Amino acid sequence: MKKRRPRINKIEIYLIAVVLIIMILVMAYYRYTRTNYNYLKQDKSEYLVYTLYDNEASTYRIQVPYINVKHENIKDANSKIQQLGNKYSNLKKSIFNYEYSLNGTILSILVKASSYNSVIPEIEFLAYNINLSTGEIITDDVLLSYYSVNDQIVGKKIENQLKKYYSEVVKQGYMSSRECDFKCFLAVRNIDNYLDNVEYYIDDGILYAYKPFLTTSIYGEENYFKEEHFKFQITTSSTIE
């Protein structure tokens with residue numbers, strides 16, 4: 001005699017389907033909130049970094065960012081950013097803007113400030129790299145260790161790039177190598193330490209160092225330098241070790 005298979009009635013099928021749908025929705029919501037880091041945000045209606053103040057000027061624009069992350073360290077970071085923003089907002093011919101990027105669980109933000117109220121422009125950078133898994137700000141030493149580089153490697157990368165700048169300035173006729181060698185070039189840039197005032201920023205997984213230096217001297221080479229010349233690529237790989 002054959003055994004009859006137990007029948008699953010329609011109510012049981014319906015309940016199983018409802019449970020599966022609920023599980024899928026919960027997993028989707030969890031993934032969405034984790035991906036967008038809404039659980040870390042102070043204001044869930046805003047991006048992780050948004051513009052707190054914008055003077056909407058056409059030439060000397062001031063855009064002050066706000067890091068939208070709930071953490072005590074981030075409060076201090078936002079305070080420093082706003083203080084720097086206030087400084088440049090009170091200067092007539094000034095530009096203040098920012099950029100940020102998400103690199104896995106690391107939020108990287110770079111603030112760029114410049115003032116043109118004197119013959120020699122004032123350039124400043126301020127960067128923060130934040131571990132979104134913990135909300136902690138990553139120190140420079142720890143950040144460099146992620147890429148298996150150190151201060152010596154960074155210094156050498158900056159030096160080599162500055163040597164390229166020097167060669168181009170000489171080639172374009174702004175300077176004569178007879179009158180001003182590489183040491184002279186560094187002196188007029190006010191560079192005596194490659195690591196002074198360096199800020200680290202990650203873009204598409206690649207580590208960059210931003211270093212301000214003087215662009216104006218008696219040689220008139222200020223027409224050569226652009227904003228991108230303050231950006232020094234440290235790594236070629238986008239893989240953080």
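Reader: Is Glu159 buried or exposed, and what is its relative accessible area?

Author: This is a predicted model, and in it Glu159 is buried, with a relative accessible area of 16%. The cut-off matters for that reading, because a residue is called buried when its relative accessible area is under 20%. Glu159 has its place in helix H4, and, leaving aside residues up to four places away in sequence, Glu159 touches Phe182 and Tyr194.

Reader: What is the relative accessible area of Ser167, and how should I class that residue?

Author: Ser167 also belongs to helix H4, but with a relative accessible area of 46% Ser167 is partly exposed. Its C-alpha atom and that of Ser177, ten residues apart along the chain, are separated by 8.8 Å.

Reader: Before we go further, how many helices and strands does the protein have, and in which pattern do they follow one another along the sequence?

Author: The protein has five helices and nine strands, and when read along the sequence they follow the pattern α-β-β-α-β-β-β-β-α-α-α-β-β-β. Of the 241 residues in the protein, 40% are buried. If you take the contacts between residues at least 6 apart in sequence, 57% of them join residues at least 24 apart.

Reader: How should I read a single helix such as H2, and what do its end C-alpha atoms tell me about its span?

Author: The general idea is that an α-helix has 3.6 residues a turn, so residues three or four places apart point the same way. Helix H2 covers residues 72-89, and at 1.5 Å a residue its 18 residues should span 26 Å, which agrees with the 26 Å between its end C-alpha atoms. The buried residues of H2 are Ile74, Ala77, Asn78, Ile81, Leu84, Gly85 and Tyr88. Seen down the axis of H2, these buried residues fall within an arc of 125°, so they line one face of the helix. The face turned away from that buried side carries the exposed residues Glu72, Lys80 and Gln83.

Reader: Which strands do the buried residues of H2 pack against?

Author: They pack against strand E2 (63-67), strand E3 (94-103), strand E4 (106-115), strand E5 (122-131) and strand E6 (136-137).

Reader: How do I read a sheet, and in what order do the strands of the four-stranded one stand?

Author: In general, strands of a sheet pair through backbone hydrogen bonds, either parallel or antiparallel. Here four strands form an open sheet in the order E3-E4-E5-E6, with antiparallel pairing. E3 and E6 stand at the edges, each with a single partner strand, so one side of each is left without a neighbour in the sheet. H2 packs on this sheet, touching E3, E4, E5 and E6, and its direction makes about 165° with that of E5.

Reader: How many bridges join E3 to E4, and how many join E5 to E6?

Author: E3 and E4 pair in the antiparallel sense over ten bridges, and Leu102 has Leu107 in E4 as its bridge partner. These two strands form a hairpin with two residues between them, and Gly104 in the turn has a positive phi of about 65°. E5 and E6, which run antiparallel, are joined by two bridges, and Ile130 stands opposite Ile137 in E6.

Reader: Which strands make up the three-stranded sheet, and in what order?

Author: Three strands form an open sheet in the order E7-E8-E9, again with antiparallel pairing. Its edge strands are E7 (199-203) and E9 (231-233), each of which pairs on one side only, and the twist averages 35° from one strand to the next. E7 and E8 (residues 206-210) pair over five bridges, and the bridge partner of Tyr200 in E8 is Ala209. Helix H4 (residues 151-171) packs on this sheet, touching E7, E8 and E9, and its direction makes about 120° with that of E9.

Reader: Where does Leu207 lie, and is it buried or exposed?

Author: Leu207 lies in strand E8 and is buried, with a relative accessible area of 0%. Not counting residues up to four places away in sequence, Leu207 touches several residues, among them Leu143, Tyr147, Ile202 and Phe232. The C-alpha atoms of Leu207 and Gln233, 26 residues apart along the chain, are separated by 6.4 Å.

Reader: What is the average pLDDT of the protein, and over which residues is the pLDDT below 50?

Author: The protein averages a pLDDT of 88, and 83% of the residues score at least 70. Over residues 25-34, however, the pLDDT is below 50, and beyond near neighbours in sequence this stretch has four contacts in the model. Where pLDDT is low, the predicted coordinates should not be read in detail.

Methods
Residues numbered from 1 in each chain as written. Predicted model: local features only at pLDDT ≥ 70, side-chain atom pairs only at ≥ 80, totals over all residues. Heavy atoms only, no water. Expected span 1.5 Å × (residues − 1). Buried < 20%, exposed > 50% of the residue type's maximum accessible area, 1.4 Å probe, protein only. Arc of directions from axis to C-beta. Contact = heavy atoms within 4.5 Å. Pairing = 2+ DSSP bridges. Axes fitted to C-alpha atoms, helices over the stretch in contact; angles between N-to-C directions. pLDDT = per-residue confidence, 0-100.
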